[in-house]
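Colleague: I've got a model open and I'd like to learn how to read it feature by feature. Can we go through it together?

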Amino acid sequence: MSMGAAAGFNVLWLQSGGCGGCSMSLLCADTTDFHGQLRDAGIDLLWHPSLSIESGHELSTMLDRIADGRLRLDALCIEGSLLRGPHGSGRFHVLAGTGIPMIHWVSRLAARARHVVAVGSCAAWGGVTAGGDNPTDACGLQFEDDRRGGLLGADFRSESGLPVINIAGCPTHPSWVIDTLMALAAESFTAGDLDQLGRPRFYADQLVHHGCTRNEYYEFKASAEKPSDLGCMMEHMGCKGTQVHADCNTRLWNGEGSCTRGGYACVACTEPGFQEPGHPFQQTPKLAGIPIGLPTDMPKAWFVALASLSKSATPRRVKLNAVADHLVVTPAVRKTRLK
């Protein structure tokens with residue numbers, strides 16, 4: 001990390017209204033040398049609130065240099081939502097030592113940045129920080145939930161011509177962040193690499209359902225009935241993995257885990273508005289016994305027909321294991337040869 005002008009890809013990371021969870025997740029990147037990985041990709045992390053030793057006047061001097069155009073900024077990474085209150089003044093969050101609201105700093109720096117990156121769902125859509133009555137008037141950089149606008153406005157484009165890149169997640173997977181920054185540094189990231197909500201398609205073109213270890217239970221609609229059960233959590237336990245855009249079950253966390261593998265339902269943390277689903281996170285809302293939130297791309301009539309057929313064909317092994325916390329019945333041993 002460096003405070004000076006670097007020949008590499010200069011990244012500035014600022015934290016606004018949030019918990020810092022995306023930074024903590026970032027430190028779990030799948031590498032034995034976090035700084036070395038960035039360095040080898042030509043990325044120079046100019047400053048990060050938790051990883052840098054510089055503070056006070058050193059940071060304010062650097063921010064002034066960026067804002068004045070004396071220090072090149074290739075990627076402005078914002079973690080946390082932008083607090084516009086009270087009454088649009090932004091003074092609920094003043095950057096320490098400067099007397100200037102964070103929203104003003106972000107607007108000034110975004111105007112100089114080649115790329116602007118929202119790290120986490122708070123920075124992307126407002127997230128948890130914007131939940132409830134939202135007394136701080138929190139928003140995302142370019143979205144408020146699924147509505148375009150936010151702090152920078154719907155028409156904002158960085159110097160690269162791209163809108164805000166929304167690496168949504170609560171928290172983000174560290175590889176989503178690292179891979180995005182590496183692609184930007186390599187100049188191999190284009191508008192075509194973003195989905196309609198500005199998320200990198202390399203992870204947003206997938207569903208959490210893909211690679212889920214509970215998929216056999218889903219196929220037979222053999223459902224978990226309590227948190228410790230092995231069955232599919234869609235029907236009763238609030239899991240939205242069949243609707244949520246992320247590759248959590250194929251790009252595993254810490255190389256081996258995910259929410260569903262840990263026994264927790266997917267709560268749709270990469271999607272706008274996930275913080276207020278309108279129902280308890282651990283429950284699946286239903287209408288006439290049918291889940292309201294059906295799998296992406298599946299018409300309701302198809303789901304009803306498929307569910308009925310699947311349940312009638314559920315093997316005893318799958319049915320019993322679905323409502324147990326361990327394998328009660330193991331797969332039968334049979335010959336697999338065709339003769």
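Modeller: Sure, and keep in mind that this is a predicted model. Let's start with a single residue, cysteine 77.

Colleague: Okay, is cysteine 77 buried or exposed?

Modeller: The general idea is to look at relative accessible area, where anything under 20% is called buried. Cysteine 77 comes out at 0%, so it counts as buried.

Colleague: And which strand does cysteine 77 lie in?

Modeller: Strand E3, which covers residues 75-79. For its surroundings, skip the residues within four places in sequence and see what is left: cysteine 77 is in contact with Val11, Leu12, Trp13, Leu14, Val117, Val119 and Leu181. Take tryptophan 13 as an example: it sits 64 residues away along the chain, yet the two C-alpha atoms are separated by 4.6 Å.

Colleague: How do I read the sheet, then? What is the strand order?

Modeller: You list the strands in the order they sit side by side. Here 5 strands make an open sheet, E2-E1-E3-E7-E11, with parallel pairing. From one strand to the next, the twist averages 25°.

Colleague: Which strands stand at the edges?

Modeller: Strand E2 (43-47) and strand E11 (165-167). Each has a single partner strand, so one side of each has no neighbour in the sheet. For a closer look at one pairing, go to strand E1 (residues 9-15), which runs parallel to E2 and is joined to it by 4 bridges. Asparagine 10 is opposite aspartate 44 of E2.

Colleague: Now the annotations. Which residues does UniProt list for "binding site"?

Modeller: The unreviewed UniProt entry gives Cys19, Cys22, Cys122 and Cys170 under that label. With a list like this, check whether the residues come together in space. These span 152 residues in sequence, but no two of their C-alpha atoms are more than 10.0 Å apart, so they gather at one spot. From this set, Cys170 is part of the lining of the largest pocket.

Colleague: What about cysteine 22 and cysteine 122: buried or exposed?

Modeller: Cysteine 22 has 9% relative accessibility, so it is classed as buried. Cysteine 122 is at 14%, so it also counts as buried. Cysteine 22 is in helix H1 (residues 21-26), while cysteine 122 is in helix H5 (residues 121-125).

Colleague: And what does each of them touch, leaving out sequence neighbours?

Modeller: Cysteine 22 touches Glu79, Val119, Gly120, Gly169, Pro171 and Thr172. For cysteine 122, the contacts include Gly17, Gly80, Ser81 and Cys139.

Definitions and conventions
Residues numbered from 1 in each chain as written. Predicted model: local features only at pLDDT ≥ 70, side-chain atom pairs only at ≥ 80, totals over all residues. Heavy atoms only, no water. UniProt positions renumbered as here; feature names shortened; annotations may be inferred. 1 Å grid on protein atoms, 1.4 Å probe; cavity = no way out; pocket = protein on both sides within 12 Å on 5 of 7 lines; lining within 4 Å. Helix = DSSP H or I, 4+ residues; strand = E, 2+ residues; numbered from the N terminus. Buried < 20%, exposed > 50% of the residue type's maximum accessible area, 1.4 Å probe, protein only. Contact = heavy atoms within 4.5 Å. Pairing = 2+ DSSP bridges. Axes fitted to C-alpha atoms, helices over the stretch in contact; angles between N-to-C directions.
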